[in-house]
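Please look over the sequence and the three-dimensional structure below before reading on. The report that follows takes up one residue, then a sheet, and then some charged pairs.

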Amino acid sequence: LLHNMQEQQEDGYVVLDGLLTPQECDELRQKMTEIVDHMEVPEHCRITFSTYHDEQLEEQGNADYFITSGDKIRFFFEKGVFNDKGEFIVPKQRALNKVGHALHAYEPLYKKVTHSPRVQGIAKKLGVVHPVILQSMYIFKQPGIGGEVTPHQDATFLYTEPLGRVMGMWIALEDATVNNGCLWFIPGSHKSGISRRMVRTPKGTFPLTDFIGREKSYDEEKFVAAPVKKGGVVLIHGEVVHRSAENTSEDSRHVYAFHIMESQDTRWSPDNW
């Protein structure tokens, strides 16, 4: 999939500047402000998003809200933003972890960016013949409370046969820095398969998803920071190990991200969420 971009082939990721103009970034941010202003989330669906193995399994009392979000626009929150009654204790614009997973399908502005000639050109350069958008999300990384995303591989959640058919495009709508929670990668870690898969459990069983395998422990010193300027994009191979730290700064780190799959000669696993 990535044979035409040498750096990505070697490292599993590459940072490209200037995919979007500053104005386009601001328009996407403004549109998300409007979406959040109008959001309605039933109290039982007010769930936090986590990449921690045990928490993912624990928090799936409202997992139906997550597992059915693939073709909808749904809202996921940071930890500690609700009181015991499920009421917001911070302004709702500051409470969100992410919005997903079908912005590219239902919001015209996001659809336009996702299917833009620039994005199509990148996919073509990477040798993608029949690209399909799997999912999209807006990630907030709130100042002060934006949670850590633990080391993971996207193909854990977006599994294909063969592997190597999924690529993430992670667009910085604001500067993403070491201080406000940019991505960190282990260069070359996309070459040895995946260590775990998230799968749907049989109908009628709980939790609704489970993991096969466990995430490995990774040497912290192997991670390399990948800061990105506003409007830049990180291309992420589906099997490269990456993470982001908590955002303890006073700056948010808004991102629009989506995943592209090469659909030619690819089997999308029916066990995916």
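## A glycine and its surroundings

Gly 181 has a relative accessible area of 3%, and because buried means under 20%, this residue counts as buried. The reader should keep in mind that the model is predicted. Along the chain, Gly 181 sits in the loop that runs between β7 (166-172) and β8 (183-185). Leaving aside residues up to four places away in sequence, Gly 181 touches Lys 141, Ser 244, Ala 245 and Arg 253. Ser 269, by comparison, is 88 residues from Gly 181 in sequence, and the C-alpha atoms of the two are 31 Å apart in space.

## The sheet

Strand β7, which leads into the loop of Gly 181, also takes part in an open sheet of seven strands, whose order is β1-β12-β7-β14-β4-β3-β2 and whose pairing is antiparallel. At the edges stand β1 (13-16) and β2 (73-77), each of which has a single partner strand, so that one side of each has no neighbour in the sheet. From one strand to the next, the twist averages 20°. Helix α2 lies across β2, β3 (96-101), β4 (131-139) and β7, and its direction makes an angle of about 70° with β4.

Strands of a sheet pair through backbone hydrogen bonds, and they can do this in a parallel or an antiparallel way. In this sheet, β12 (residues 233-237) pairs with β7 in the antiparallel sense over five bridges, and β1 pairs with β12, again in the antiparallel sense, over four bridges. On the β7 side, Ile 171 has Val 233 as its bridge partner in β12, and Met 167 stands opposite His 237. On the β1 side, Val 15 stands opposite Val 234.

Is β12 enclosed or open to the outside? Five of its five residues are buried, so β12 is largely enclosed by the rest of the structure. In a regular strand, side chains alternate between the two faces of the sheet. In β12, Val 233, Leu 235 and His 237 point one way, while Val 234 and Ile 236 point the other way.

## Charged pairs

Side chains of opposite charge can pair when their charged atoms come close. A search of the whole structure finds 11 salt bridges, and the table gives some of them.

| Acidic residue | Basic residue | N to O distance |
|---|---|---|
| Glu 107 | Lys 31 | 3.9 Å |
| Glu 215 | Arg 196 | 3.0 Å |
| Glu 220 | Arg 243 | 3.2 Å |

Glu 107 forms a salt bridge with Lys 31. Glu 107 lies in the loop between α5 (103-106) and α6 (108-114), whereas Lys 31 belongs to helix α2 (residues 22-37), so the pair ties together parts that are 76 residues apart in sequence. Glu 107 is buried, at a relative accessible area of 15%, but Lys 31, at 26%, counts as partly exposed. These two residues are also linked with Glu 34 in a network of salt bridges.

The side chains of Glu 215 and Arg 196 meet in another salt bridge. This pair links distant parts of the chain, with Glu 215 in the loop between β10 (209-213) and β11 (224-226) and Arg 196 in strand β9 (residues 196-200), 19 residues apart. Both Glu 215 and Arg 196 are buried.

A salt bridge also joins the side chains of Glu 220 and Arg 243. Here Glu 220 lies in the loop between β10 and β11, and Arg 243 in strand β13 (residues 242-244), 23 residues apart. Glu 220 is partly exposed, with a relative accessible area of 48%, whereas Arg 243 counts as buried at 11%.

Methods: Residues are numbered from 1 along each chain as its sequence is written. This is a predicted model: local features need pLDDT of at least 70, side-chain atom pairs count only at pLDDT 80 or more; totals for chains, interfaces and linings use all residues. Side-chain values use heavy atoms; hydrogens and water are left out. Helices (H or I, at least four residues) and strands (E, at least two) are DSSP runs, numbered from the N terminus. Buried means under 20% relative accessible area, exposed over 50%, partly exposed in between (1.4 Å probe, protein chains only). Contact means heavy atoms within 4.5 Å. A salt bridge is a side-chain nitrogen of Lys or Arg within 4 Å of a carboxyl oxygen of Asp or Glu. Two strands pair if DSSP finds at least two bridges between them. Axes are lines fitted to C-alpha atoms, for helices over the stretch in contact, and angles run from 0 to 180 degrees between N-to-C directions.
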